[in-house]
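Open your viewer, set the protein to cartoon and the ligands to sticks, and keep the selection box handy. We will go stop by stop, with something to select at each one.

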Amino acid sequence: MASAPDTSKSFKLERHGGYLLRRINSTKVIAASSHLLFRASILATVVLILLFTLHYPPLLLYHSGAAASSAAHSNHRSLLSSAVTYGGAAWEREVRRSATPRSPSGLTVLVTGAAGFVGTHCSLALKKRGDGVVGLDNFNSYYNPSLKRARQSLLSRHGVLVLDADINDTPLLTKLFDVVPFSHVLHLAAQAGVRYAMRNPQSYVASNVAGLVALFEIAAKHADPQPAVVWASSSSVYGLNTATPFSELHRTDRPASLYAATKKAGEAIAHTYNHIYGLSITGLRFFTVYGPWGRPDMAYFSFTNDIISGKPITLFRMQDGAAVQRDFTYIDDVVKGCLGALDTAKPSTGSGSKKRGPAQLRVYNLGNTSPVPVAKMVGILEELLGKKAKKNVVTLPQNGDVPYTHANVSLAEKDFGYRPTTDLATGLKKFVKWYVEYYGVKTGNNVHSKMKKMEEKEAEEEASA
Ligand SMILES: NC(=O)c1ccc[n+]([C@@H]2O[C@H](COP(=O)([O-])OP(=O)(O)OC[C@H]3O[C@@H](n4cnc5c(N)ncnc54)[C@H](O)[C@@H]3O)[C@@H](O)[C@H]2O)c1
Ligand SMILES: *[C@@H]1O[C@H](CO)[C@@H](O)[C@H](O)[C@H]1NC(C)=O
């Protein structure tokens, strides 16, 4: 309430009144009139607080998680407006149409974060093979929402509906699960990005912790049948682990960023919902996913922007001069991993069903198994774009980034045949092809860019991921 402009104005008035009061008292002139002014300012404060409270009663109707989450993103529509767009007969018809699989044996999947990078590709792949898919996304402005809207249109052309909703919107999710008996949830909605956590920590708590709990609550207690949940954790949970390649058996108790800590918290929360409510839960630790329709905040994407527009890029090296490396994983490989995890997920068992044994709880690495120095990634981009990057090389600051990632994926290979097949040069070629078409950019010697100002600005935000 203190942030409301009206009340703060009245506090200022009150302070001003107090100042006047002291000054006038010291000169011992017209004490009575200053007394009146003081009383008037107190009265004004009370009236303004009252008006403010009366003006915002809807806040009281929603639980704090949703309020916190929507407050985290200023452009996000209020939950009040999303509340009036769902629930009608036309809405239900649209939802059912999108959710119905082509054949009775198909899955019925709720994809959260469906207008995101990974969510779009997974939704398309599921729909194309005949599964029913309903997407959900809050279209927040962490990066340019117009890219999210473009992905939504792409999905819409393929018959996938993406609802404008926050995972913390429990009334909407409750309604959604009443309309559709989802067999699976592919939960990809999250606040992503490592460095942004230093600027907006609460957005990570709202989406990755409170939002995860809100989703598990519905899946565990309301959904009938309980769906099997597959969700995105992150390679960042390995944090300061130095044993390589990263195996699911390694320590994950030393996160290097708040982002990593919220993903690690998610894995602990998953354990609880599996243990108490018999939810079938699979966590997937993605390793630096890249490709067409990717995330503008990630290094390969923002470097592409900067190389084209001639802006210098910043590369990091370790204190000892060692190169920063990433196990870059192409989106199509990650999609195969997500579908493999969905297909091998056992049904949830519900609580108190000891006879059927404990519900399934799994964690898998989904990486590429071959780390590449970030500088080499830049070299590939330079070649594809026909233009040299202006490079600044600095020592990696303590910003949450880790020096090295490398996945051991033998567990995912054993359990659902996960085997990455795209190397970085092949994958980046496909990314650049998409980029050039999407932004209408010419590459080669006379590079010019038709990119909108907004895209350039957003790319500056996070130089690497
Ligand atoms: N891309 C990677 O390299 C990578 C690596 C490790 C983990 N992950 C995880 O994979 C998942 C997908 O990542 P991505 O790269 O597609 O990111 P993304 O940001 O493109 O997609 C996430 C989507 O979720 C939406 N969203 C965020 N908070 C929400 C909320 N509270 N309610 C509803 N929607 C919300 C966003 O609008 C966005 O469209 C995330 O959980 C991310 O943390 C990604
Ligand atoms: C990869 O992980 C598996 C366990 O999932 C382990 O048996 C194997 O030894 C690991 N491989 C390497 C090269 O560390």
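Does N144 count as buried or exposed? Select N144 and switch on the surface to judge for yourself. With a relative accessibility of 12%, a residue would already fall under the 20% cut-off for buried; N144 has 6%, so N144 counts as buried. Please keep in mind along the way that this is a predicted model.

**Stop 1: the loop after β2**

Stay with N144, which is placed in the loop between β2 and α7. Show its side chain and follow it to S146: the side chain of N144 reaches the backbone nitrogen of S146 at 2.9 Å.

Now select N138, which is found in the loop between β2 (132-137) and α7 (145-157). Its relative accessibility is 12%, so N138 counts as buried. Two side-chain partners are worth displaying here. The side chains of N138 and N140 are joined by a polar contact of 3.0 Å. The side chain of N138 also makes a polar contact with the side chain of D166, at 3.1 Å.

Step back into the strand and pick G135, which lies in β2. G135 counts as buried because its relative accessibility is 0%. Add A99 to the selection and draw a line between the two C-alpha atoms: they are separated by 9.2 Å, although G135 and A99 are 36 residues apart along the chain.

**Stop 2: ligand 1**

Keep N138 on screen and bring in ligand 1. A backbone N or O atom of N138 lies 3.1 Å from a nitrogen atom of ligand 1. Next, show K148, where a polar side-chain atom lies 2.9 Å from an oxygen atom of the ligand. Then add G116: one of its polar backbone atoms is 3.3 Å from an oxygen atom of ligand 1.

How much of ligand 1 does the protein cover? On its own, ligand 1 has 810 Å² of accessible area, and the protein covers 97% of that. If you display cavities, look for the largest cavity: it is the space taken by ligand 1.

Now select the whole shell. There are 29 residues around ligand 1, and those that come nearest are V118, D137, Y143, Y259 and V289. Colour the shell by class and you should find 15 nonpolar, nine polar and five charged residues.

Which elements should you highlight for this shell? Try α6 (117-128), β5 (228-234) and α10 (258-277), each of which supplies at least two of its residues. Of the elements, β5 gives the most, with three residues.

**Stop 3: two cis peptide bonds**

Use β5 as your guide to the next two selections. On one side, select D224 and P225: the peptide bond from D224 to P225 is cis, with omega near 10°. P225 is in the loop between α9 (201-222) and β5.

On the other side, select T244 and P245. The peptide bond from T244 to P245 is also cis, and its omega is near -10°. P245 lies in the loop between β5 and α10.

**Stop 4: ligand 2**

Leave P245 displayed, as P245 is one of the residues surrounding ligand 2, together with N408 and S410. Zoom in on N408 and you will find an N or O atom of its side chain 2.3 Å from an oxygen atom of ligand 2. Turn to S410, where a polar side-chain atom lies 3.3 Å from an oxygen atom of ligand 2. Taken alone, ligand 2 exposes 370 Å², of which the protein buries 43%.

**Stop 5: two positive phi values**

Finish with a look at the backbone. Select W293, in the loop between β7 (289-290) and α11 (299-309). Phi of W293 is near 60°, a positive value in a residue other than glycine. W293 has 16% relative accessibility, so it counts as buried.

For the last selection, go to T369, which lies in the loop between β11 (361-366) and β12 (372-373). T369 is not a glycine, yet it has a positive phi of about 70°. How accessible is T369? Its relative accessibility is 34%, so T369 counts as partly exposed.

Definitions and conventions:
Residues numbered from 1 in each chain as written. Chains lettered and ligands numbered in written order. Predicted model: local features only at pLDDT ≥ 70, side-chain atom pairs only at ≥ 80, totals over all residues. Heavy atoms only, no water. Near = heavy atom within 4 Å. Polar contact = N/O pair within 3.5 Å; in protein donor to acceptor, adjacent residues only side chain to side chain. Areas by Shrake-Rupley, 256 points an atom, 1.4 Å probe, with all protein chains shown as cover. 1 Å grid on protein atoms, 1.4 Å probe; cavity = no way out; pocket = protein on both sides within 12 Å on 5 of 7 lines; lining within 4 Å. Sits in = over half its atoms within 2 Å of the grid points. Helix = DSSP H or I, 4+ residues; strand = E, 2+ residues; numbered from the N terminus. Nonpolar A, V, L, I, M, F, W, Y, C, P; charged D, E, K, R; others polar. Buried < 20%, exposed > 50% of the residue type's maximum accessible area, 1.4 Å probe, protein only.
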